[in-house]
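The following exercises ask the reader to work through salt bridges, burial and backbone geometry. Each task is followed by a solution in steps.

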Amino acid sequence: ASMMDVFRMTADGEYHYVFVEDENGVPVGIVSADDVMRHVSNPSGSEFHRWMEMPVEAVLQSRIQIPGDVDSVDVASSNGQTTECTTECTTVAHDGHLIGVMTRRDVLLSWRSVQQTLHESRKDVVTSLPNRSAFDHHLKVECSRAKRCGHSVAVILVDLDYFKQINDQQGHAAGDTALKVVGGLLRETLRSYDMVARYGGDEFAIVCCGCRMDEIDSVLLRIRESVMSRQQDRFGTRTIPTISVGAAVDHTVDDSTNPVQIIEAADECLYAAKRAGRNCAWKVELMPGSTAGPVFVPDRYSNGQIRHNSLELAR
């Protein structure tokens with residue numbers, strides 16, 4: 001198939017990977033929808049048309065090679081009995097366990113084995129929250145859903161203030177504890193269908209859908225209250241740091257919406273919070289034709305100096 005065919009198939013976010021066969025129906029590899037998107041979204045018009053017309057095999061990172069040897073392997077049938085596979089096939093094993101059989105016509109894999117691998121690859125090892133890869137995918141899916149249903153999509157970025165000092169002064173175990181505690185508090189505070197992920201380093205990212213105008217304020221206040229109320233709690237000699245928060249709400253998700261732009265708008269608000277002195281929250285409401293910048297969201301933990309700084313930044 002051409003890149004255009006695959007692009008159309010994967011554009012709505014429902015299909016994340018595409019199994020590629022050659023003209024004879026022999027499997028040659030697997031590509032991700034993101035690989036296709038990166039090539040067909042080239043800003044150059046000539047490059048765009050060139051990639052659209054190319055076969056999807058052009059973006060294969062590696063090719064499946066099927067040897068011509070004959071293996072004999074026991075394969076479980078639907079009735080629970082095992083039969084011997086004597087056609088040309090290659091077994092696929094992991095840690096000594098059979099997880100699949102590859103022939104010239106098919107690749108049969110144990111979904112249980114693959115599912116566990118995919119799950120582990122999308123999880124942060126410190127906090128057990130989804131990682132950045134899982135977050136990016138989830139945001140794309142939610143933007144597609146918002147376009148169909150007409151609701152908003154918000155991205156919230158949460159940064160642990162002076163996190164490096166915790167690692168330097170108390171050790172990386174203290175830093176890991178702070179990440180685990182803050183990540184757990186965020187997960188407990190938000191709705192079950194809001195996504196909380198570790199975005200990287202000392203930063204968390206949240207996808208929150210369905211907020212009407214100014215409703216994101218109450219979400220930010222809940223987040224700040226949840227973490228700041230625990231800020232004085234001690235876990236041995238370790239303390240929980242303050243947080244800076246930036247949020248962007250896109251109220252009109254459509255075909256022109258780029259999820260990256262929502263992240264960038266939230267990031268701009270996060271940097272506004274840092275410039276204002278940290279330990280505060282800023283937001284922006286994205287509307288068609290609006291040029292509004294980050295707005296300070298006050299709470300009882302934001303001191304007078306931050307309020308003063310926010311007024312100066314607003315000017």
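**Exercise 1. Determine which parts of the chain the salt bridge between K283 and D214 ties together.**

Solution. In this predicted model, a side-chain nitrogen of K283 and a side-chain oxygen of D214 are 2.8 Å apart. A salt bridge requires such a pair within 4 Å, and the side chains of K283 and D214 do meet in one. Next, locate the partners: K283 belongs to strand β14, whereas D214 sits in the loop between β10 (203–209) and α8 (216–228), so the bridge connects parts 69 residues apart in sequence.

**Exercise 2. Classify K283 and D214 as buried, partly exposed or exposed.**

Solution. The cut-offs are under 20% relative accessible area for buried and over 50% for exposed, with partly exposed in between. K283 has 6% and is therefore buried. D214 has 42% and is therefore partly exposed.

**Exercise 3. Identify the network of salt bridges that contains K283.**

Solution. Begin with another partner of K283: E285 forms a salt bridge with K283, and their closest N and O atoms are 3.1 Å apart. Both K283 and E285 are buried. Then extend the set: salt bridges link D214, D217, K283 and E285 in a network. For context, the structure holds 13 salt bridges.

**Exercise 4. Describe the salt bridge between R191 and D194 and assign a burial class to each partner.**

Solution. The N to O distance between the side chains of R191 and D194 is 2.9 Å. R191 has a relative accessibility of 28%, so this residue is partly exposed. D194 has 3%, so this residue is buried.

**Exercise 5. Explain why the positive phi of S128 and of R278 deserves comment, and locate both residues.**

Solution. Start from the general rule: most residues other than glycine have a negative phi. S128 is not a glycine, yet its phi is about 65°. S128 lies in the loop between α4 (111–121) and α5 (132–149). R278, also not a glycine, has a positive phi of about 65°. R278 occupies the loop between α9 (259–275) and β14 (281–286). With 25% relative accessibility, R278 is partly exposed.

**Exercise 6. Summarise the chain as a whole: its secondary structure, burial, contacts and surface.**

Solution. First, the chain contains 10 helices and 15 strands. Second, 42% of its 315 residues count as buried. Third, of the contacts between residues at least 6 apart in sequence, 60% join residues at least 24 apart. Finally, about 17400 Å² is exposed, and carbon and sulfur atoms supply 50% of that area.

Methods
Residues are numbered from 1 along each chain as its sequence is written. This is a predicted model: local features need pLDDT of at least 70, side-chain atom pairs count only at pLDDT 80 or more; totals for chains, interfaces and linings use all residues. Side-chain values use heavy atoms; hydrogens and water are left out. Helices (H or I, at least four residues) and strands (E, at least two) are DSSP runs, numbered from the N terminus. Buried means under 20% relative accessible area, exposed over 50%, partly exposed in between (1.4 Å probe, protein chains only). Contact means heavy atoms within 4.5 Å. Accessible areas come from the Shrake-Rupley method with a 1.4 Å probe; for residues, only the protein chains shown count as cover.
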